[in-house]
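Please work through the exercises below with the sequence and the coordinates open beside you, and try each task before reading its solution.

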Amino acid sequence: MTTEDPQGFASEPGDASEGAQAAGAADKAASEATAEGDAGADAGAKGSGAGDSAAVVRRQLAERTADLQRLQAEYQNYRKRVERDRLTVREIAVSNVLESLIPVLDDIGRAREHGELVGGFKQVAESLETVVAKLGLQQFGKEGELFDPTVHEALMHSYSSDVTETTCVQILQPGYRIGERIIRPAMVAVAEPQPGTQSTAAPDAEDAKGDGAEES
């Protein structure tokens, strides 16, 4: 007895291979899509990480710049303070030396007044006066100037009709200063106006005012 396979139900080998290929292609496409998605996620994560790193670098740079500026300002202040202290020490040292030379300058002045400043002694004296002047020592005190208790010291006192205010009429010893600092005040003799001079002038002024009022 012969058995026949029904037509239409037999599976052909070509159809099976084509199905397998289609399934493989689908799996491959799915794998590629998954890989691309993973790659995109990795790229996004890397980009976010790079942005955070750049922000950290900028913050650190700003902090280091601020530190450097602060150190530079402190160094500049230190240099100014050192220079100021150096000038102060120099001024004090020069002032002490010049102050010790004032008695010598007084002797030179007295010798000049008596006509004893001659020959080699004169040259030495003039050289010394030039040197101390270059170092900033200034002599002051002249006859006829008004008395100023901040720079003058009155050793003698008198009255005179030739003055209208307290005036230095004689310089007993000149004064010396370095800049605005007084090393020694000038020793002077002063004269004041005669007593009663101002009181006499006052009635005259009142009489003049009265005459003017009557005329008006």
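The exercises that follow concern a predicted model, and each solution goes step by step.

**Exercise 1. Salt bridges within helix α1**

Task: Determine how far apart the closest side-chain N and O atoms are in the salt bridge of D67 and R70, and in that of R110 and D107.

Solution.
- Step 1. A salt bridge requires a side-chain nitrogen of Lys or Arg within 4 Å of a carboxyl oxygen of Asp or Glu, and a search of the whole structure with this criterion finds six salt bridges.
- Step 2. The side chains of D67 and R70 meet with an N to O distance of 2.7 Å, while for R110 and D107 the corresponding value is 2.5 Å.
- Step 3. D67 and R70 both belong to helix α1, where they stand three residues apart, about one turn of the helix; R110 and D107 are separated by about one helical turn because they, too, are three residues apart in helix α1.
- Step 4. To classify the accessibility, recall that partly exposed lies between the limits of under 20% for buried and over 50% for exposed. D67, at 28% relative accessibility, is therefore partly exposed, and R70, at 45%, is partly exposed as well. R110 has 39% and so counts as partly exposed, and D107, with a relative accessible area of 44%, is likewise partly exposed.

**Exercise 2. A salt bridge between two helices**

Task: Which parts of the chain are linked by the pair E129 and R112?

Solution.
- Step 1. E129 forms a salt bridge with R112, in which the closest N and O atoms are 3.1 Å apart.
- Step 2. The two residues are 17 positions apart and connect distant parts of the chain, since E129 sits in helix α2 (residues 119–134) and R112 in helix α1.
- Step 3. With 27% relative accessibility, E129 is partly exposed, and R112, at 40%, is also partly exposed.

**Exercise 3. A nonpolar patch on the surface**

Task: Which residues make the nonpolar surface patch of about 310 Å²?

Solution.
- Step 1. The patch is made by Y75, Y78 and V82.
- Step 2. Y75 can be placed in helix α1, which spans residues 13–113.
- Step 3. Patch residues need over 30% relative accessible area, and Y75, which is partly exposed, has a value of 47%.

**Exercise 4. The open sheet**

Task: In what order do the three strands of the open sheet follow one another?

Solution.
- Step 1. The order is β2-β6-β3, and the pairing is mixed.
- Step 2. The edge strands, each of which pairs on one side only, are β2 (152–160) and β3 (167–173).
- Step 3. Neighbouring strands of this sheet are turned against each other by 25 degrees on average, with direction ignored.
- Step 4. Strand β2 runs parallel to β6 (residues 186–193), and eight bridges join the two; within this arrangement, A154 has V188 of β6 as its bridge partner.

**Exercise 5. The nonpolar cores**

Task: How many residues make up the largest nonpolar core, and which element gives the most to this core?

Solution.
- Step 1. The largest nonpolar core holds 11 residues, including V94, L98, I102, A125, V132 and Y176.
- Step 2. Two or more residues of this core come from each of α1 and α2, and α1 gives the most, with five residues.
- Step 3. Another core lies apart from this one and has six residues, among them V151, C168, A186 and V188.
- Step 4. As general background, nonpolar side chains in soluble globular proteins tend to be buried together.

Technical notes: Residues are numbered from 1 along each chain as its sequence is written. This is a predicted model: local features need pLDDT of at least 70, side-chain atom pairs count only at pLDDT 80 or more; totals for chains, interfaces and linings use all residues. Side-chain values use heavy atoms; hydrogens and water are left out. Patches are made of residues with over 30% relative accessible area and no salt bridge: like charges are joined within 9 Å, nonpolar side chains (Val, Leu, Ile, Met, Phe, Trp, Tyr) within 5 Å. Accessible areas come from the Shrake-Rupley method with a 1.4 Å probe; for residues, only the protein chains shown count as cover. Helices (H or I, at least four residues) and strands (E, at least two) are DSSP runs, numbered from the N terminus. Buried means under 20% relative accessible area, exposed over 50%, partly exposed in between (1.4 Å probe, protein chains only). Two strands pair if DSSP finds at least two bridges between them. Axes are lines fitted to C-alpha atoms, for helices over the stretch in contact, and angles run from 0 to 180 degrees between N-to-C directions. A nonpolar core is a set of buried Ala, Val, Leu, Ile, Met, Phe, Trp, Tyr and Cys residues joined through side-chain atoms within 4.5 Å.
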